[in-house]
Amino acid sequence: GIFALLDSPIGSNISIDGKSIVLKRDDFVGFAALKSFAFHLIAFQAFPTSSHKGGCGSSRHGIVLLTQNDKNNDNWMVAHRYNPKTEEIDPSPIDRLTIMNLESSIRSNHLGPPRVICSNDLLSETEMNDWQRSTTFISVSLLQKRQMFHGCKIVPGAFREDEDSKITTNSESLSRDHHVDGRELHYPPIPIVGGNSNKWCKHNGTKKYLASLNPSQRTDFLVSMQDNSSPTTLVDHILDEYYDQRWEELLGDVQLSYIMFMHLQCLSSLEHWRDLIAMLSFVQLDRLESNAELYGNLMDIMTLQMKYIDHNFFAELEFSEGNFFVPAVQRLIATIKDCTSDQLKEKSKQVECSIRSLLSTNLSMNSSEFEDHNSFIQRNDDRMNDDYDDDDGPAIVSAEEYGSSMERFAKDHKKKFTTSPTYPVEHQQKYAILFASMQPHEDILMTCARALDSQVDVSLVREAAKYLEEVESKKPNSN
């Protein structure tokens, strides 16, 4: 495949699959010999003459490339122009005639180095292999879930605490004829369950996830938090709701969000990557063993990602959320130590070696502390608790206390439960507020009289009046 970017100014920074170059000429055309059916990311930041002297450039943005697994798509080309007005890549495609002339010139070698750079000449074999392993699970269907397609422009997203959790993926929003100034990355909310309950109740992803549930689902979710199987059930639910029960796409999201954060400085991707790793780390032993393939590949992904991440990242608590990555790795390693899979144990050792290497280069952390799983997590929980000391989060009640409360409720309202069904079901459904307001010693007429007399609840008053007019007044014995 071929990627062309015309009219880029001298001094611009452009990278392909994580390997960057600075343009030294103004007639640069693009990259050739890109592998088909593989994920590629073009990252670009312009430093035009007007801003280069001041050291400021445009915001970093990118183009994603991933063709369908179709033999007819083997020889493909994506072409864009640099827009000097916005100092960014123009998201609109180049006209077909220009693309045909460019493709013909490149494939016939009339345009070659240094104007056209072969990807094999820019990236070493190790770098290409690492990139391929880093993007193994990123698929076309996953990109469609994130509202991306082959050749589209991506702009980084920011942290959005009040962002609507629902993400539309209708065909109109994905239309290739609908041109906007790039697509901002959005992800579904990922709840974190386990550890410090006061902490995860205030977690943005958990709050957004709870807001997306109806009241009944939200109650079931909060009650199940007291059950030891809750984290396992949650992972199953996330797989079913967001990834069509395909763990490969979940791991693809781990890879995609990491890459978008690392190469486009996308904070919404950082948030999603962080939450996925933390959520997956709360797993029961039986669930881990039954999903050995998922967690084995997760270990490989984490090992490779730590190879390229800046060690200073773990010192930035604002980004790393109390060094979330270290406790997550500790939880997984502690669980894997009790499993029967030798392969998982070997992969966990690789992850442990990688993170020890990172910690040893960070002066704010001591790699010897990695041994003490509980003290390290407690230290980070204590450090983060200052941000979670208010009372606006959901209250967590023990399962025993909840069960006792329900027993008392059923006993105290036994009369209501036995008398209410004597009324027609259609009436109870149509006048739900009225029937819900009935007290144990009342019939429906007494409830209507009380509502009309007190006139405290406007909705209840209206429904009582409506019931008397539409039902009671039409009964045969009514005057």
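Contact here means heavy atoms within 4.5 Å. The structure on display is a predicted model, and the tour below proceeds by selection.

**The whole chain**

Begin with the complete protein chain, coloured by secondary structure: 23 helices and 11 strands are present. Of the 479 residues in the chain, 47% are buried. Among contacts with a separation of 6 or more, 71% are made by residues 24 or more positions apart.

**Helix α22 and its cover**

Select residues 444–454, which form helix α22. Its residues I444, T447, C448 and A451 are buried. These residues span an arc of only 100° around the axis, and therefore lie on the same side of α22. Next, add residues 432–436 and 458–470 to the selection; these are α21 and α23, which are included in what covers the buried residues of α22.

**The nonpolar cores**

Display the side chains of F39, M148, M260, Y295 and M302. They have the most contacts inside the largest nonpolar core, a set of 67 residues. Helix α10, residues 247–264, supplies the largest share of this core, with 10 residues. Another core lies apart from it and has 21 residues; I16, W76, Y82 and L122 are among them.

Now centre the view on M302. Beyond residues up to four places away in sequence, M302 touches I277, F325, V329 and L332.

**The pairing of α10 and α13**

Keep α10 visible and add residues 292–308, helix α13. The axes of α10 and α13 are 10 Å apart and meet at an angle of about 10°. Because of that angle, α10 is roughly parallel to α13. On the α10 side, select W247, L251, V254, Q255, Y258 and M262, which make the contact. On the α13 side, the contact is made by E293, L294, N297, L298, I301, Q305 and Y308. Sorted by class, this contact of α10 with α13 comprises 9 nonpolar, 3 polar and 1 charged residues.

**From α10 to α11**

Follow the chain out of α10 to Q265, placed in the loop between α10 and α11. Q265 is not a glycine, yet has a positive phi of about 50°. With a relative accessible area of 47%, Q265 is partly exposed. Most residues other than glycine have a negative phi.

Continue into helix α11, residues 267–281, and select M279. Is M279 buried or exposed? Its relative accessible area is 3%, so M279 is buried. Neighbours within four places in sequence left aside, M279 is in contact with I190, P191, L234, V235 and I238. A distance label drawn from the C-alpha of M279 to that of V193 should read 6.8 Å, although the two are 86 residues apart in sequence.

**The loop between α2 and β9**

Move to the loop between α2 (96–107) and β9 (116–118), where P114 lies. The peptide bond from P113 to P114 is cis, with omega near 0°. Most peptide bonds are trans.

N109 lies in the loop between α2 and β9 as well. N109 has a positive phi of about 65° although it is not a glycine. N109 counts as exposed, at 66% relative accessibility.

**V29 and its surroundings**

Select V29, in the loop between β3 (19–22) and β4 (30–32). At 2% relative accessibility, V29 counts as buried. Which residues does V29 touch, not counting residues up to four places away in sequence? They are F3, A4, L5, L6, L102, I106, L111, R115 and V116. The C-alpha atoms of V29 and G112 are 9.1 Å apart in space, while these residues are 83 residues apart in sequence.

**D181**

The final stop is D181, in the loop between β10 (153–155) and β11 (183–184). D181 is partly exposed, and its relative accessible area is 43%. Residues up to four places away in sequence not counted, D181 touches E88, P91, K153 and V155. One of these, K153, is 28 residues from D181 along the chain, and their C-alpha atoms are separated by 7.7 Å.

Terms used. Residues numbered from 1 in each chain as written. Predicted model: local features only at pLDDT ≥ 70, side-chain atom pairs only at ≥ 80, totals over all residues. Heavy atoms only, no water. Core = buried A, V, L, I, M, F, W, Y, C linked by side-chain atoms within 4.5 Å. Buried < 20%, exposed > 50% of the residue type's maximum accessible area, 1.4 Å probe, protein only. Helix = DSSP H or I, 4+ residues; strand = E, 2+ residues; numbered from the N terminus. Axes fitted to C-alpha atoms, helices over the stretch in contact; angles between N-to-C directions. Parallel < 35°, antiparallel > 145°, perpendicular 65-115°, else oblique. Nonpolar A, V, L, I, M, F, W, Y, C, P; charged D, E, K, R; others polar. Arc of directions from axis to C-beta.
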